[in-house]
Amino acid sequence: LCHPGPCPSCPAFVTKTCECGQTSHSVRCGQSTKIHCSNVCGNTLNCGKHSCTQVCHAGKCSPCQLTVQQVCYCGTNFKEVLCGTKEEFSDGFGHFSCQNICGKKLNCGRHNCTQVCHPQPCQLCPRLPQVVYRCPCGQTPLSKLLELGCVERKVCTDPIPSCGKTCGKPLSCGSYEFIHTCESLCHEGDCRPCSHTSNIYCRCGFKKKFGGFFVCLFLIAAITFMCDKRCNKKRSCGRHKCNEVCCVDTEHKCSLVCGRKLNCGLHRCEEPCHRGSCQTCWQTSFDELTCYCGESVIYPPVPCGTQPPECKKTCTRPHDCDHPVYHSCHSEEKCPPCTYLTQKWCMGKHELRSNIPCHLTDISCGLRCNQMLKCGMHKCKRICHKGECLIDEECKQPCVIPRLYCNHPCMAPCHPSSPCPTTSCCAKVRYPKKIHCKFTAAISIATKLTDLQLGDSVEISRLITKKEMKQARLQCDEECLALQRNRRLAEALEIDDNSDPFNIRSSGPKYSDLLKEDARKDLKFVSDIEKEMRMLVEAVNKGKHTKKSHCYPPMNRDHRRIIHELAQVYGIESVSYDNEPKRNVVITAVKGKSICPSNTLTSVLDKEMQSRPPPPIPHYKQTDKSSGNSGLSKPLKEEPIIDYFDVQD
């Protein structure tokens, strides 16, 4: 019936034979044990002569362990070996080759066998008359020599007739291009040494022996000549070079040990250097491998490099905090960071931040540090930071102590331990336009008076030079003259200075000439900035929030100055952050304070372009056609236009 888990073993009975195959038994089909009887195996061993004497066993029978005496084919040497052993030069049946000269008498009964110890019968005597048909050099048949009167041979000891020609047998010396032959007359036995010369090369064929020819008499001694060239081919591993001297190898097998780290990361490969990946580490541990808490276990044998088992229990390692642990047991030494949300103070102790992960330590609130510096006059302007405000540095913020004569700040680099330096004031004042405050004359008087004794009368007019008086006086420019003209017109028409009958002052904001000049150079940039500011002001005035900010991308100093000046016109706060070259501007619109001016800077520039008079058209004097000059004369000189209200009294 349907059941959980694996099915039980088959209960049917079947007939199985034992390991040796002599007996059979009836067992259950699902029984996996081997059947052994008590009989002797009796199978033929590897020698083919003896039988196995072991009791019924599994697998192949062991080799025959009986010792037999073997005799060489020539019958001069003996040795004892295991029965059925097949060694080199052995047939495995009691005979082997001793690799000596056979030496048995040939069928002629006069000569001995010159072959190496061999199993077959010895060959016929090579000097028998019925075997030899030619002269010793092989060029002339013996039948022709008999016709010429040579004596017929009867036995193998009779000499073989010579034809009298040059032997001509090829010698062992020489080369493929030029084969050396024997120069002696037709003779029996071995040829004499060669008298020719040969060009001997090293075994790899790269160099000659001493670069010249070598007498064939010394050829045997020169065969071992090797050059000093090292092989630069890669070995079979593909990693190392052969570097063999006078190499003649074709496979270039690498004999070094691989030595690479195995996948376990603990042991190195001990195989000969090879291509491809190394095999898995064969080291095995017989100790149990557990997780840190001991709940999960891998039982031996454990292959080397096996990672600890995965455990789903909660981590039990000691932690730095007391917050609840949510990660599982792990094999790494360091636990994952704690992500429990807490409340922490920022680095500058400005505010208590909420929903901060426990592992975060250095938290910045994004506000200015505002801690008092060592000078005692300025506060740190850096964003909330860690550690001291100034480390091995001096305060370089501008001095804010008011000057003695103009009450403007000193603006020199911070100097807490020294008095303010005597410099000209560069603050801008409106008189009636922005100018630089230069109280050079007053500073000069104060400097000269300090050298005099107290109580003496001094003529001040003598202390001020004409140059200093000229610097102290403001020069009247075009804007100043226009204001004087308008003031005289207002007095003549009895118009109050505070009134604005033509809605000139309230018609729109006042843009500086420098801002207009910059806008003409980059009108698209100014248009985009004004569009963003108007959208920001409209959004904060219509929305629920009292403030709304916008961050511009990093830009150069001139573009940042344009944004700051436009922000003043729109009533928007603007602050620059970060250092060059990533310094950017952040603008903040405040509800009720920020406004959208009626006339934008781009519209003001368009009106100025439209109201500007067109350039004068030059008048040319037409010449007489009969004079032959078809060209035009120089333009007529225009009369100057005099503005009678611009005349000074």
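Modeller: Before we start, buried means under 20% relative accessible area, exposed over 50% and partly exposed in between (1.4 Å probe, protein chains only). This is a predicted model, with local features needing pLDDT of at least 70, side-chain atom pairs counting only at pLDDT 80 or more, and totals for chains, interfaces and linings using all residues. Residues are numbered from 1 along each chain as its sequence is written, and side-chain values use heavy atoms, leaving out hydrogens and water.

Colleague: Okay, which element gives the most to the largest nonpolar core?

Modeller: That core (buried Ala, Val, Leu, Ile, Met, Phe, Trp, Tyr and Cys residues joined through side-chain atoms within 4.5 Å) has 25 residues. Two or more come from each of α7 (513-521), α8 (523-542), α9 (557-570), β20 (584-590) and α10 (601-611). With seven residues, the top contributor is α8.

Colleague: Which residues is Met-533 in contact with, beyond four places in sequence?

Modeller: Met-533 is among the members touching the most others in that core. Taking contact as heavy atoms within 4.5 Å, its partners are Tyr-552, Ile-563, Leu-566, Ala-567, Tyr-570, Ile-572 and Ile-587.

Colleague: How many residues are in the other core?

Modeller: This one lies apart from the largest core and includes Ile-160, Leu-171, Cys-182 and Cys-194. Its size is 13 residues.

Colleague: And how many disulfides do you get?

Modeller: The rule wants a pair of cysteine sulfur atoms within 2.5 Å. Cys-74 is buried at 13% relative accessibility, but its closest cysteine sulfur, in Cys-72, is 3.3 Å away, so that's too far for a bond. Cys-346 is buried too, at 2%, yet the closest cysteine sulfur, in Cys-384, sits 3.8 Å off, again too far. The count of disulfides is zero.

Key: Helix = DSSP H or I, 4+ residues; strand = E, 2+ residues; numbered from the N terminus.
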